[in-house]
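Please look at the following model with me, and let us work through some questions about how its parts fit together. Each answer reasons step by step before it settles on a value or a name.

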Amino acid sequence: MRIDILTLFPELFPGPLGESIIGRAARNQLVSVNAVNVRDFATDARGTVDERPYGGGPGMLMIPDTLVRAVESVKTAGSKVILTSPRGEVMNQQLALELAKEEHLILIAGHYEGVDQRVIDLVVDREISIGDFVLSSGNIAAMAIADAVVRLLPGVLGDMESANEESHSMGLLEYPQYTRPPVYRGLKVPNCLLSGDHGKVAEFRKREAEKITRERRPDLWEKYLISELKRGKK
């Protein structure tokens with residue numbers, strides 16, 4: 001996969017995307033992550049990338065020509081163009097799985113008060129938010145989206161079962177996990193995890209995942225119950 005991140009702050013990249021799992025994936029040529037400086041496509045000597053919005057209002061908008069030309073500089077027939085935006089669909093694991101099937105992602109890291117609507121009309125395929133809050137720019141959101149997607153690519157994780165059992169992958173939050181020692185400051189690892197009985201381990205993990213999801217994310221719990229009813233499991 002190739003990921004191009006269009007940004008006003010290319011010095012922020014690769015940042016976290018150059019480390020750990022994602023950095024290793026890049027070094028192993030499983031993914032290429034590139035920062036594209038939007039200012040390079042400005043047409044005046046000042047390098048203008050923003051203007052005041054028509055109709056008034058606070059803040060500045062990223063102008064269409066600079067941003068559209070930046071997108072077109074890297075876009076191919078197989079590109080999917082994504083704008084990070086607080087009004088976009090909320091990022092989740094299912095969306096990450098969808099995007100992991102693409103061959104080329106172009107992530108536009110929004111800034112200021114947003115972008116001219118004509119950029120969206122002309123070149124953007126999807127608007128994506130990472131949550132119901134506002135960031136000072138879309139750079140962190142672009143990093144988060146890229147991280148969530150890249151770790152799902154074949155060969156990136158040493159064991160794909162890790163991805164399958166993580167929070168949200170099965171519609172539930174992840175169960176509690178333990179490692180050595182078996183007792184720490186009076187707190188013991190549940191006996192079933194030490195028993196070697198895989199059936200009991202699976203039962204414990206499912207029960208705990210359901211409990212945590214029910215308590216912490218009633219919205220996810222409701223969706224999970226509906227999906228289980230459809231499959232005739234509840």
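**Helices, cores and salt bridges**

Q: Which residues of α8 are buried?
A: The model is predicted, and a residue is called buried here when its relative accessible area is under 20%. In α8 the residues that meet this condition are Val 201, Phe 204, Glu 208, Ala 209, Glu 210, Ile 212 and Thr 213.

Q: What covers the buried residues of α8?
A: The helix α8 runs over residues 198-216, and its buried residues include Val 201 and Phe 204. Among the elements that cover these buried residues are α7 (191-194) and α9 (218-230).

Q: How many Å apart are the end C-alpha atoms of helix α8?
A: The expected span of a helix is 1.5 Å times one less than its number of residues. Helix α8 has 19 residues, so it should span 27 Å, and this agrees with the distance between its end C-alpha atoms, which is 27 Å.

Q: At the start of α8, which residue has a side-chain oxygen that reaches to the backbone nitrogen of Gly 199?
A: The contact at the start of α8 joins a side-chain oxygen to the backbone nitrogen of Gly 199, and the two atoms are within 3.0 Å. The residue that supplies the side-chain oxygen is Asp 197.

Q: Which element supplies the largest share of the largest nonpolar core?
A: In soluble globular proteins, nonpolar side chains tend to be buried together. The largest nonpolar core of this model has 26 residues, and those with the most contacts inside it include Ile 3, Leu 107 and Val 149. At least two residues of this core come from each of β1 (2-7), α1 (20-27), α3 (93-99), β6 (104-108) and α5 (139-150). The largest share, 6 residues, is supplied by α5.

Q: What covers the buried residues of α5?
A: The buried residues of α5 include Ala 142, Met 143, Ile 145 and Val 150. The elements that cover the buried residues of this helix include β1, α1, β5, α3, β6 and β7.

Q: Which residues is Leu 99 in contact with, leaving aside its neighbours within four places in sequence?
A: Leu 99 is one of the residues with the most contacts inside the largest nonpolar core. Once the neighbours within four places in sequence are left aside, the residues in contact with Leu 99 are Met 1, Ile 82, Met 91, Leu 105, Arg 126, Ile 128, Ile 145 and Val 149.

Q: Is Glu 127, which meets Arg 87 in a salt bridge, buried or exposed?
A: The side chains of Arg 87 and Glu 127 meet with an N to O distance of 2.9 Å. This pair links distant parts of the chain, with Arg 87 in strand β5 (residues 79-90) and Glu 127 in strand β7 (residues 126-129), 40 residues apart. Arg 87 has 55% relative accessibility and therefore counts as exposed, whereas Glu 127, at 18%, counts as buried.

Q: Which residues are joined with Glu 89 into one network of salt bridges?
A: Glu 89 and Arg 126 form a salt bridge, with N and O 2.9 Å apart. Because Glu 89 lies in strand β5 and Arg 126 in strand β7, the pair ties together parts that are 37 residues apart in sequence. Salt bridges that share partners join Glu 89 into one network with Glu 98 and Arg 126.

Conventions. Residues are numbered from 1 along each chain as its sequence is written. This is a predicted model: local features need pLDDT of at least 70, side-chain atom pairs count only at pLDDT 80 or more; totals for chains, interfaces and linings use all residues. Side-chain values use heavy atoms; hydrogens and water are left out. A salt bridge is a side-chain nitrogen of Lys or Arg within 4 Å of a carboxyl oxygen of Asp or Glu. Helices (H or I, at least four residues) and strands (E, at least two) are DSSP runs, numbered from the N terminus. Buried means under 20% relative accessible area, exposed over 50%, partly exposed in between (1.4 Å probe, protein chains only). A nonpolar core is a set of buried Ala, Val, Leu, Ile, Met, Phe, Trp, Tyr and Cys residues joined through side-chain atoms within 4.5 Å. Contact means heavy atoms within 4.5 Å. A polar contact is a pair of N or O atoms within 3.5 Å; within protein, one must be able to donate a hydrogen and the other to accept it, and residues adjacent in sequence count only if both atoms are side-chain atoms.
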